[in-house]
Amino acid sequence: MLHIVNKSPYEKSSLASCLAHALKGSAVLLIEDAVYAATKGNAAEDAVRRALGELPVYALGPDLEARGMAGAVIDGVKVVDYGGFVDLVAEHRTSQSWL
Amino acid sequence: MSQIAEEFESEVATEAVVKKFMFVNRKAPYGTIYALEGLEVVLISAAFNQDVSLAFLDDGVYELLKGQQTKALEVKNFSPTYRALEGYDIEKLYVERESLAARGIREDQLLVPVQVVDAKEMAALMEQQDVIIGF
């Protein structure tokens, strides 16, 4: 399953809830305000690093760039463009958006 | 009908096979429109003979709390509708144990019979679905 999160970890518990339900074999994609969770020094960094030990974590490049965060991505988080987003959706049997 | 409901209807109308649909409810009932919209989509899904289940976690567990009184707000109290789901053959309601505990809610405070599952079981249920729609 591809888990998609679009909320800032400071505003909503969506990322925490997603990570609590993401099983091995799934992937997590951070888009929109959730890309802040993919950056160094954010409050969810430890949680994201723990998740990286279990499954791949992706962040949407255009959303990082728009927020001035493209240079601050946590090591191990893979940055994808819109084409990569489409590939991830196609590669996984299901997607779940954590609103 | 809301736009999301229309999109859902057109999606399932083209399916000849029965798919496993799970609606994941994570929002409290009156602060946003998510809970009501989600319930509308669930009712629509009942018309398409799909294998429907509902998950309630995080603030979504507040949707099922007994004793909701919305008269002073002048908005519809849609909580009795959860009791009607059984009549539409929607009987798989899963509520996450950790979310209830974090909010001090007991199972006997809920409007309808549910299956209380822990987060690990909920994750496994999600993994079994063909389609997951979150609210």
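Visitor: What makes B:Leu54, B:Val112, B:Val114 and B:Gln115 contacts of B:Leu93?
Guide: Two residues are in contact if their C-beta atoms, placed from the backbone, lie within 7 Å. Leaving aside neighbours within four places in sequence, B:Leu93 is in contact with these four: B:Leu54, B:Val112, B:Val114 and B:Gln115. B:Val114 is 21 residues away in sequence, yet 5.1 Å away in space, C-alpha to C-alpha.

Guide: A word on the source. This is a predicted model, where local features need pLDDT of at least 70, side-chain atom pairs count only at pLDDT 80 or more, and totals for chains, interfaces and linings use all residues. Residues are numbered from 1 along each chain as its sequence is written, with chains lettered from A and ligands numbered from 1 in the order in which they are written.

Visitor: Why is B:Leu93 called buried?
Guide: The term asks for 20 or more other C-beta atoms within 10 Å of the residue's own (exposed: 12 or fewer; partly exposed: in between). B:Leu93 has 21, so B:Leu93 is buried. B:Leu93 sits in strand 3 (residues 92–96) of chain B. Strands are DSSP runs of E, at least two residues, numbered from the N terminus.

Visitor: How do you know that strand 1 and strand 5 of chain A pair?
Guide: Pairing takes at least two bridges found by DSSP. Strand 1 (residues 2–5) and strand 5 of chain A have four, and run parallel. In strand 5, A:Trp98 is the bridge partner of A:Val5.

Visitor: Which strand order does the open sheet of chain A have?
Guide: The order is 4-3-2-1-5, with parallel pairing.

Visitor: What makes strand 4 and strand 5 of chain A edges?
Guide: Strand 4 (78–80) and strand 5 (95–98) each have a single partner strand, so one side of each is left without a neighbour in the sheet.
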